[in-house]
Amino acid sequence: MVVRATAQRLRDRRRRAADRRFGIHLLGSAAVAAVAAVPFGLLLVLVEGQWQPLRRLDAGAARRLHETALEHPAWTDTLRFLSDRLWDPFTLRTVVALLTVWLLYRRAWRLAAWSAVTAVAGGLIGLLVKTVVERARPSLVDPVAHAPGFSFPSGHAMTATTSFAILLLVLLPLVPRALRSLCWCAAVVSVLGVGFTRIALGVHWFSDVVGGWLLGLAVVALTAWAFEAWRSDAGRGHADLRDGLEPELTGAHPEPGPSGREFSDRSVRG
């Protein structure tokens with residue numbers, strides 16, 4: 001009994017220490033996400049410097065897709081539905097919010113915190129960069145769609161990247177292995193589709209969309225790293241991203257609690 005009580009105290013102490021470090025890792029990684037994204041930083045320099053090859057690529061893509069949108073009204077209506085309804089940032093953020101509430105119900109406290117911080121940090125960082133860059137949206141003759149605010153990076157593309165990444169990394173443990181590749185494909189197609197609709201509707205430049213993708217990936221990568229750091233501190237080991245951030249979500253006790261039942265004997269001895 002004495003040995004068991006001692007082991008229990010050690011588990012609880014380790015868990016509390018891991019929780020403190022998790023908060024520091026999570027908030028710190030969100031704060032530095034924008035400056036840590038090297039590819040995004042390079043793209044930002046090219047956009048701000050008005051690099052001619054990139055400007056020609058942006059203008060060419062906008063012109064060709066706008067001509068197609070004008071010639072095919074039914075196609076344009078489909079793009080509007082996808083962009084403004086199915087893949088709208090409000091829709092995706094609502095889904096992530098409901099997922100976070102469900103995680104709280106499942107008592108997956110830290111995974112819920114990761115989901116919320118990733119989504120909120122992505123939105124705030126994207127808004128901050130838009131305000132700093134102040135890039136104008138495409139100005140086209142006879143536009144088929146309108147959007148407020150600045151252009152770089154695309155908020156739709158960034159929200160799609162962070163939202164689908166959150167959904168994948170949280171829910172993969174609940175998906176049969178045979179279907180996980182299909183889930184990855186659906187997420188990738190959706191993220192690419194969001195970017196395409198924004199360019200085709202003439203409300204974003206091609207580089208705006210790429211910037212949104214890169215910045216969204218940076219936010220997810222850094223907050224996921226923070227979650228992995230907590231798992232390491234808590235003695236849970238590395239989780240293969242193909243199995244989601246928290247493979248234990250399928251169990252009765254997704255995360256370590258006061259009972260310490262989630263830790264294996266190996267992690268306790270470690």
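# A walk through the helices

Start by selecting residues 73-86, which are helix 5, and residues 177-200, which are helix 9: their axes come within 9 Å and cross at roughly 125°. Axes here are lines fitted to C-alpha atoms, for helices over the stretch in contact, with angles running from 0 to 180 degrees between N-to-C directions. That angle makes helix 5 oblique to helix 9 (under 35 degrees counts as roughly parallel, over 145 as roughly antiparallel, 65 to 115 as roughly perpendicular, and the rest as oblique).

Before going on, a word about what's on your screen. This is a predicted model, in which local features need pLDDT of at least 70 and side-chain atom pairs count only at pLDDT 80 or more, while totals for chains, interfaces and linings use all residues. Residues are numbered from 1 along each chain as its sequence is written, and side-chain values use heavy atoms, leaving out hydrogens and water.

Stay with the first pair. Show the side chains of Trp75, Leu79, Leu82, Ser83 and Asp84 in helix 5, and you'll find them meeting Phe196, Thr197, Arg198 and Ala200 in helix 9 (contact means heavy atoms within 4.5 Å). Sorted by class, this contact has 5 nonpolar, 2 polar and 2 charged residues. For the classes, Ala, Val, Leu, Ile, Met, Phe, Trp, Tyr, Cys and Pro count as nonpolar, Asp, Glu, Lys and Arg as charged, and the others, Gly among them, as polar.

Now zoom out to the whole chain. How many helices and strands are there? The chain has 11 helices and 0 strands; these are DSSP runs numbered from the N terminus (helices are H or I with at least four residues, strands E with at least two). Of the 270 residues, 48% count as buried (buried is under 20% relative accessible area, exposed over 50%, partly exposed in between, with a 1.4 Å probe and protein chains only).

Next, keep helix 9 and add helix 8, residues 155-171. The axes of helix 8 and helix 9 come within 9 Å and cross at roughly 170°, which makes helix 8 roughly antiparallel to helix 9. Look for His156, Ala157, Ala160, Thr161, Phe164 and Leu168 on helix 8, against Cys183, Trp184, Ala187, Ser190, Val191, Val194 and Arg198 on helix 9. The residues of this contact divide into 9 nonpolar, 3 polar and 1 charged.

Turn to the other partner of helix 8: select residues 89-105, helix 6, whose axis comes within 9 Å of that of helix 8 and crosses at roughly 25°. So helix 6 is roughly parallel to helix 8. Among the helix 6 residues in this contact are Leu92, Val96 and Leu99, and those of helix 8 include Ser163, Ile166 and Val170. By class, the contact has 13 nonpolar, 3 polar and 1 charged residues.

Move on to Ala108, in the loop between helix 6 and helix 7. Is Ala108 buried or exposed? Ala108 counts as buried because its relative accessibility is 0%. Add Glu248 to your selection: the two are 140 residues apart in sequence, yet 9.6 Å apart in space, C-alpha to C-alpha.

Last stop: Thr118, which sits in helix 7, residues 109-133. Thr118 is buried, with a relative accessible area of 0%. Which residues does Thr118 touch, not counting those up to four places away in sequence? They are Ile166, Val219, Val220 and Thr223. Finally, pick the backbone oxygen of Trp114, which lies 2.7 Å from a polar atom of the Thr118 side chain.

Conventions
Polar contact = N/O pair within 3.5 Å; in protein donor to acceptor, adjacent residues only side chain to side chain.
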